[in-house]
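Here is a brief report on one protein chain. Please have the sequence and the model open as you read.

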Amino acid sequence: VETWASQAHLDAHSSSKHFQRIVPAMDAISETPSLESCSNALRVVREHPTAPIHAPVAKKVLIFTKATDYVHRSLPSAASCIHMMCTKRGWSAVVSDEEALLEKPTAEDFDVIVFVNNSGELFDTDKEVLTEHLAAGRGVLGVHAALASFLVGEDASGAAEMEYSSPIFEELFGAHFKNHPPPQKGKVSIDERATAQLGISFGSLPLEFEHTDEFFNYTRNPAKMSDLKVLASVDERTYEGGTMGAEHPVVWARTIGQNEGRVFYTALGHFSHFYNGRGPDAVAKIIEGGLSFVAKGV
C-alpha cells in the first residue's frame with residue numbers, strides 16, 4: 001500500500017515496477033504529475049493547525065489504480081490529484097493497486113473507495129467487499145475508465161465491443177463501457193435541478209461548456225434507470241460517434257440499499273491535463289463534487 005506524501009514519494013511510485021510495466025512509454029507522458037502543478041483549488045494545505053479536542057475522525061479513502069489491460073497515461077496524474085483533494089479536506093488517503101484491499105479476508109475498511117481509470121480484472125468477485133461496503137452506507141466514486149473494469153481483452157482504440165467477466169460494475173454504476181469514438185470536442189450540460197436535489201456542487205463550473213474528451217457509449221443507458229440521477233450530459237449533435245441518443249449522460253449518481261450507500265460516476269477524464277493544472281478544470285471540479293457527495297453518508 002502506498003500513500004503519496006511528497007513529490008519525491010510520487011516520483012518513486014511513478015518509477016515503480018507497476019507503472020513501468022503497464023506504462024512502457026512513461027517518458028512520453030506530456031504532463032508530469034506534480035504536487036505543485038495542480039490548480040490552486042486543489043493545492044495541499046501544508047499547515048496543520050491543532051485539531052479541536054472533539055474533532056471528527058478523518059475519513060479514510062482508498063484510491064484504487066489497478067489496470068491490467070489498457071492503461072491510461074493519465075492514471076498517475078489522476079490518482080495524485082484525487083489524493084491531494086482528500087489531503088486538502090484532512091482525509092486519510094491511500095493510493096494502491098493491491099486487490100487484497102478489496103477482498104475478504106484481507107480487506108480494510110474505507111469510508112470511500114475511488115476507482116480511477118481502471119481496466120481488466122480488479123479483484124476476485126467471489127471475495128468482493130463492495131456489497132458490504134455500500135450496505136454499510138459508505139461511498140464509491142468511479143472515474144472515466146472505471147466502467148471498463150472486468151473487460152475481457154484489450155483495445156487501445158476503444159472502438160471494439162468486448163465481453164465482461166463479471167456484471168458487478170454494471171450493477172454498481174448502472175452500465176459498463178461499450179466503446180467510444182476518437183477524442184473530440186462536444187457540448188456538456190449540467191442538470192442544475194438534479195445537482196440541487198442531491199446537494200452536489202461543481203463549484204464555478206458553468207451549466208454549459210465545451211469539453212474535449214473520450215465520450216463513452218455504454219452497454220445500457222443510465223438515463224433510463226429510475227433510481228439514478230443524471231447530473232450532466234453530452235449533446236451528441238455536437239460530435240460524431242455517439243450512440244446513446246438524445247439523453248447521453250456523462251455524470252450521474254445514485255444511492256443503493258437501506259443505508260443509502262452513495263455512488264457517483266463521471267465518464268469524463270481521459271487526459272493528464274485535466275488533473276495537473278495545465279488544462280481545463282471541469283473534470284477536477286466534477287470529481288470534487290462527487291467526493292463530497294459520496295462521503296456525506298459516512
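## Around Phe115

This is a predicted model. In it, Phe115 touches residues on both sides of its own position in the sequence, not counting those up to four places away. Earlier in the chain, these partners are Phe64 and Leu102. Later come Leu122, Phe123, Leu130, Val140, Leu141, Gly142, Val143, Ala146, Phe169 and Phe173.

## The nonpolar core

Phe115 is among the residues with the most contacts inside the largest nonpolar core. Phe169, Val250 and Phe264 share that distinction. The core holds 83 residues. Helix 7, residues 282–295, contributes the largest share, with 9 residues.

## Ser119

Ser119 sits in the loop between strand 3 (112–116) and helix 4 (130–135). Its relative accessible area is 5%, which is under the 20% cut-off, so Ser119 counts as buried.

Leaving out residues up to four places away in sequence, Ser119 touches Lys66, Ala67, Thr68, Asp69, Tyr70, Ala148 and Ser149. With Asp69 there is a polar pairing: a polar atom of the Ser119 side chain lies 3.1 Å from the backbone nitrogen of Asp69. Phe150 is 31 residues from Ser119 along the chain, yet their C-alpha atoms are separated by 6.5 Å.

## The whole chain

The protein chain has 7 helices and 11 strands. Of its 298 residues, 53% count as buried. Among contacts with a separation of 6 or more, 74% join residues 24 or more positions apart.

The chain exposes about 13,100 Å². Carbon and sulfur atoms supply 49% of that area.

Definitions and conventions. Residues numbered from 1 in each chain as written. Predicted model: local features only at pLDDT ≥ 70, side-chain atom pairs only at ≥ 80, totals over all residues. Heavy atoms only, no water. Helix = DSSP H or I, 4+ residues; strand = E, 2+ residues; numbered from the N terminus. Buried < 20%, exposed > 50% of the residue type's maximum accessible area, 1.4 Å probe, protein only. Contact = heavy atoms within 4.5 Å. Areas by Shrake-Rupley, 256 points an atom, 1.4 Å probe, with all protein chains shown as cover. Core = buried A, V, L, I, M, F, W, Y, C linked by side-chain atoms within 4.5 Å. Polar contact = N/O pair within 3.5 Å; in protein donor to acceptor, adjacent residues only side chain to side chain.
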